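User: I would like to learn how to read an assembly of several chains, starting with a whole chain and going on to interfaces, sheets and helices. Could you take me through these topics one at a time?

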Amino acid sequence: MAGGQTNRLDSGGLIDRSAPLNFRFDGKTFSGFQGDTLASALIANGVKLVGRSFKYHRPRGILTAGSEEPNALVELRTGARREPNTKATTAELYEGLEAASQNRWPSLRHDVMSVNQLFAPIFVAGFYYKTFMWPAKFWEAVYEPAIRRAAGLGRAAGVADPDHYDKAWAHCDVLVAGSGPAGLAAALAAGRSGARVILCEEDFSPGGRLLSDGGTIEGLPAAEWLSRTLAELATLPDVRIMTRTTLFGVYDGGTYGAIERVNDHLPSPPEHQVRQRLWRIVARRCVVAAGAIERPIVFAGNDTPSVMMASAMRTYVARYAATPAKRIALFTNNEDGWRTVEIALGAGLQIAAVIDARPDVSPAHRSLASKGGFPVLHGSVSGVDGGKDGVKKIAVSLTGGARAEVEADGLAVSGGWNPAVGLTSYHRGRPKWLDDIAAFVPDGAPPGMVAVGAANGAFGLGACLAQGFAAGSAAAHDAGHSGKAGTAPVADDEAFSLTPLWHVAGKGKAFVDYQHDVTASDIELAQREGFESVEHLKRYTTLGMATDQGKTSNVAGLAIMAAVSGRSIPETGTTIYRPPYVPVAIGAFAGHHRDETFHATRLTPSHHWAAEQGAVFVDTGLWKRAQWYPRAGEKDWLESVTREVSAVRGGVGFCDVSTLGKIDVHGADAGAFLDRVYINTFSNLAVGKARYGLMLREDGMVYDDGTTSRLAEDHYFLTTTTAKAGLVMQHLEFCRQVLFPELDVQLTSVSDQWAQFSIAGPKTRDLLKEIVDPAEDLSNEGFPFMGAREVRLRGGIKARLFRISFSGEMAFEISVPARFGDAMARNLMLAGAPFGVTPYGTEALGVMRVEKGHIAGPELSGTTTAADLGLGKMMSTKKDFIGRVMAGREALVAPDRQVVVGIKPVDKARRLRSGAHIIPKGQTPGPGNDQGYVTSVCFSPTSDQWIGLGLVERGRERMGEIVHAHDPLRGEDYDVELCNPVFYDPDGGRQRG
Amino acid sequence: MRIVCPFCGERELGEFTYLGDAKPVRPAAGASEDEVFDYVYLRDNVAGETSEYWYHGGGCRTWLKIARNTLTHEISSVEPAAGAGAAKVGA
Amino acid sequence: MKYSIFSLARAALSGHKNWQRTWRDATPKDRYDVVIIGGGGHGLATAWFLASEYGIRNVAVLEKGWIGSGNAGRNTTIIRSNYGLPGNTGFYELSMKLWERMEQDLNYNTMVSQRGVINLYHSDAQRDAYARRGNTMRINGIDAELLDLAAVKKMIPFLNFDNARFPVQGGLLQRRGGTARHDAVVWGYAHAASALGVDIIQNCEVTGFTRDANGKVTGVETSRGKISAGKVGMAVAGSSSRVAAMAGLRLPIESHVLQAFVSEAIKPLIPGVMTFGAGHFYVSQSDKGGLVFGGDIDGYNSYAQRGNMPVMEDVCEGGMALMPMIGRVRLLRQWGGIMDMSMDGSPIIDKTPVDGLYLNAGWCYGGFKATPGSGFVFAHLLARDQSHEEAVRFRLDRFRTGAMIDEKGQGAQPNLH
């Protein structure tokens, strides 16, 4: 035996004895080998007690050797990498591994909460629905906090996951789930046929049961056939074997989800490598060879550490050379359980007895028993004497009523096998019951998928190989590959005889769902209380809802329900199978979409220049926009913004407005098209002119606004708001392609092609003259307000120039190809220096638009009509347009609607805040007099006070009225005056000047 | 779900945006409020085979008319909207 | 049998052999005063309020599968009354008040837990929208607080405050919001309604309506025979259009799939309910320890009760963006429900143009929190033939008149609500 590994066999197994590994469990140092799992290494070190159960805090050991493990859950790793609820049975051992037991205090051996077992008579299924109701306040204050503290299993790290995750796509003809004999045969056949094959195996070694059960294939020992097959698969050009990869779900269109544990077998991922990778695999066909899961038999004390599934027991012995017990008893109801006896004897272990629930055992096994010198008891296990340190004695009820006792330190249990029907059932298919194996098997599958081998209820080695090979070959053929697959590998089918046995009556708790402490009597109670539907059973008792997803418990649970409710198992049915097949780290689904890379970041053409200026940026959708440009000595944002506004109003400033959506509309019917999508008319817009437009949704509400310019007879250039850039394009394409296919019009999104700057202020023309070719006439006559045309800039670049104004000042917007955006910003600064040009950000832009009473996002809320916004007169009565008819509905033209109005505090020193509600003066606020709210505010340098816009009932008729701004959230109440929303230059002389 | 775009080939669901039932037809100019209400608001909301509009915004920007089963998500046909592409209807 | 710690203790002495069925397993009678189609939370609550508030006890609830098998058993269990528009505000607060007394009303622990609901905001515009909404709540007597960044950091310090793409700036908090144990709500209403004489009939699918010469609905045809009824109420969520079609009605509703997710159980990590404002993600932690979370609907009409990966990924991306500490927590189960998405995102509780047929639908993905309120006002409508004052705006004809209740401002496109 290797140092300290008291339960390690001297030879055998697939571990690498030349690579010893040290690890710690609950602070104690142990050693194992490369090729161990944490579970096998713990077993090799004689550790039996590994965890505590959810409710009763019962001591638990290791039940299985795979991802179905309900008991042996640990917190793996430490610090930020701590992973709660990690199955010791699938965690690969690595040097320095640290694991801790969970859900216990102060220690695993002495867990105070195990006192819960004393209350077990009360803590039955669903007991909490019947109590903790009085007094009402006590639920949140007393009961629930206590329950929450007691519940849960492991502890999450509580700090950001330091590792990275990847997401990737893969495409193949044939996807194979599982690399046992059936999966390997499928991959072989499909690969030989020339198909692109991906084979996913959740274990770190391919082979499935061949790794532990042995057998003979094509006359070769299983291990040899396995290595030959893997060698051949490696030579096939398009076969990819992905180990440590679990296929967890199947989605529409042949899309499969798989999780690859790329570096979980190392202490931490190597630098620049990911921890795990989420695969979206698109496959024409999928062969599910996911095997079967051995099921327990429910009997009193069946949760005692060192009671183990028979197949797990032999896996630990054969694959890991680790002995869970020295003197083993087997409790089986089927032939397959005996394989554990054969392997244990072969490893020199002692067999205490075989308790076989079947009426008879085969002559071969009978002679094995006499050779091995152990009794075969016909009957069942009715109780286990033991505890934290494992099984001591086993009570047996013999057929006929007599009792017997067996001394053993480990009990292997086999209640038969349940095919892994998850993947085949994830499209809400229900599996069907097969009497001869007393198990559910797939009954159909999502399109393109087929189950083979043990996953299909074929447990014999020969049948697995044959089914897998045939399915692999057929799948390749279906995917269009007709190469020669050759012949299927041949092996004998072992006999499989089983006498169904689900539950042995006895004294003491008999567990169905180990992790959630659901007992056979809980199921009986659920039935008594009317929770007979399996879905009710699951929800009432929590059966099958633990981290193992009921892989070992569901079928036993519903079989017991069937028995107590007098129905058959197929009548009782199964619950719906839900992905993922194994729990998957949330981080893997997110991939790199976290932190700064959660979403893409869009930078405006002048971003780098703005950053050089020290601009403060704001997120606007995916965009980063310059919000203001602080200068040394300015004490806060308001000072900077006020300076920017004053600079524009008094001189000239510019702002990058490239984020606006920009769409070129071409075609003979471009004008007619725009007439149908805007409420106002564009077909009569003169070439060289721009016009403000408003579009509605078909339900009559305002959708978006912007200016549209006519650059040629058959060419319009349309802008949208930043927020709706993509959506308006989609909407217009719908109008063009679906609603009005007869119109000759084409749309081109040019949002990213043009850098656009607003240049505003009385000195705008002075600045522009420095930029624009002197031949261009920028005079009021040559380029009047709402003029729009292409111009040549100094140096020859062509630009689009629009004389439009959002600020209310004399202003232009200029578009240059996006690649010149940065240069344009720098140029404007240089050329504008003599005029004191000032870059301004979105805040100053917003201030000037509020001062001018222009609507923007807060008013374009999707619930406002054109009339609400004061733009009702724009609605043409001479044509049809999107939204026209619905906009006429009675509630949308009602006189008491909330409409846009200006708002200013009566006390000029008062700050106005968005979101404050408007209440008539002198009234107590209540639902009956809540007349609207403040939508947009700013400090207006021009008005020298805070001003705002609001949506207020009959607001436009009430200008001059003093009302109350009510803002209980911020504890503010003050009088405001409703006023004209245009606070600045109401007759518009400045922008036309 | 994967959609075979007639222009781009088979693409992943994430490239497409859903609009809804393709059966309602926008009433012609001059239609009554009732007719437009029906078009805008009322839906058969079929459980089974249905025809619907999807937009290939992550690709060629074509509006597609897709026959799909709402019980199984199975897609039986994909065709471009009448006005898709550059050629005009009747031109 | 009254449920209490005392009855539990007594039952323990006899090995829990004497518990009765939580609700009677009824077989259909020939006639009921009211037949409710749909044994979900809303249908069962309606029956209980009919019996307890309005004295109408000759009531049947017909369920095609097992009670609670629809959205009542598939939601993320959140309760709140933080709505901003007239119609919704008062109704959801009525519902909240009924949540607050539910256990005592029903003698069933539905684990109503007011641990708080916080909607995080990430921009000035979002803050302003929440301020407007929070003030609406306060004006209607509903608790609401606008938290700034410092207050959010103090309350939920584990969010990503350091390197987020869209940094959290604050949140709108309703302390009375929280969660309830969804299945228990179904069982609690069934338990209490059954005790008052309501027949709960499972495995009974409605296949048609019986009508008289005037077209009035006189009952239903079911997989268990004809049942006549004075009035028939529909509370079938995602199946609303299918059932309404049997009466020749078309509704302003589409059915969409919404996915939900639960993680493995872990020790307490998250105190209340949080919604991410820069993506589609909301989360709470169940008493058992699982993180229960969800996001946006998949976006296409569906009756399949299962979703696809893009939305799964989107939801987890939101989760990781908000709290990257959950990266190593594992997603345990994923499922989907059929949402009755209405054309303005708000519910419909009204008579229908078909005499004798009453509609309770259009809950979008907000139906769970409405359960007691929905039952209360639907019972009122069925009993009195007129809308309860808190449900007068949930009219079916509001789409025709233009009086929509559109919280999100998305208009007549159900998948955007």
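Analyst: The turns below go from one chain as a whole to its contacts with a neighbour, and then to a sheet and two helix examples. Please keep in mind throughout that this is a predicted model.

User: What does the overall description of chain A look like, in its secondary structure and its extent along the principal axes?

Analyst: A whole chain can be introduced by its elements, its dimensions and its burial. The secondary structure of chain A amounts to 23 helices and 50 strands, and its C-alpha trace extends over about 115 × 75 × 55 Å along the principal axes. Of its 993 residues, 60% count as buried, and among the contacts in chain A with a separation of 6 or more, 67% are between residues 24 or more positions apart.

User: How many residues of chain A are in contact with chain C, and which element of chain A gives the most to that side?

Analyst: An interface can be read by its residue counts, then by the elements that supply them, and then by residue class. Here 92 residues of chain A are in contact with 88 residues of chain C. Several elements of chain A each supply at least two residues of this side, including strand 6 (83-87), helix 11 (520-528), helix 12 (534-541) and strand 49 (962-967), while helix 2 of chain A gives the most, with 6 residues. By class, the side of chain A that touches chain C holds 39 nonpolar, 24 polar and 29 charged residues.

User: Which strands of chain A and chain C pair with each other, and in what sense?

Analyst: Strand 30 of chain A pairs with strand 16 (residues 330-342) of chain C in the antiparallel sense, over 2 bridges; within this pairing, Val584(A) has Leu331(C) as its bridge partner.

User: What is the strand order in the open sheet of 3 strands in chain A, and where are its edges?

Analyst: For a sheet, one can follow the strand order, the pairing and then whatever packs on it. The order in this open sheet of chain A is 31-33-32, with mixed pairing. Strand 31 (602-603) and strand 32 (616-620) of chain A each have a single partner strand and stand at the edges, so one side of each is left without a neighbour in the sheet. Strand 31 of chain A runs parallel to strand 33 (residues 623-628) of chain A, joined to it by 2 bridges, and Arg602(A) has Trp623(A) as its bridge partner in strand 33. Helix 22 (residues 842-851) of chain A packs on the sheet and touches strand 32 and strand 33 of chain A, with its direction at about 70° to that of strand 33.

User: Is helix 2 of chain C mostly covered or exposed, and what do its buried residues pack against?

Analyst: Helix 2 of chain C is mostly covered, as 11 of its 12 residues are buried, among them His42(C), Trp48(C) and Phe49(C). The buried residues pack against elements of chain C that include strand 1 (31-37), helix 7 (182-195) and helix 10 (371-384). The length is consistent too, because 12 residues at 1.5 Å a residue should span 16 Å, and the end C-alpha atoms of helix 2 (residues 41-52) of chain C are 16 Å apart.

User: At what angle do helix 3 and helix 10 of chain C cross?

Analyst: Two packed helices are described by the angle between their axes and the distance between the axes. The axes of helix 3 (residues 88-99) and helix 10 of chain C come within 7 Å and cross at roughly 110°, which makes these helices of chain C roughly perpendicular. Among the residues that make the contact are Phe91(C) and Trp99(C) of helix 3 and Pro372(C) and Phe376(C) of helix 10, and by class the contact has 7 nonpolar, 2 polar and no charged residues.

Note on methods: Residues numbered from 1 in each chain as written. Chains lettered and ligands numbered in written order. Predicted model: local features only at pLDDT ≥ 70, side-chain atom pairs only at ≥ 80, totals over all residues. Contact = placed C-beta atoms within 7 Å. Helix = DSSP H or I, 4+ residues; strand = E, 2+ residues; numbered from the N terminus. Nonpolar A, V, L, I, M, F, W, Y, C, P; charged D, E, K, R; others polar. Pairing = 2+ DSSP bridges. Axes fitted to C-alpha atoms, helices over the stretch in contact; angles between N-to-C directions. Expected span 1.5 Å × (residues − 1). Buried ≥ 20, exposed ≤ 12 C-beta atoms within 10 Å, placed from the backbone. Parallel < 35°, antiparallel > 145°, perpendicular 65-115°, else oblique.
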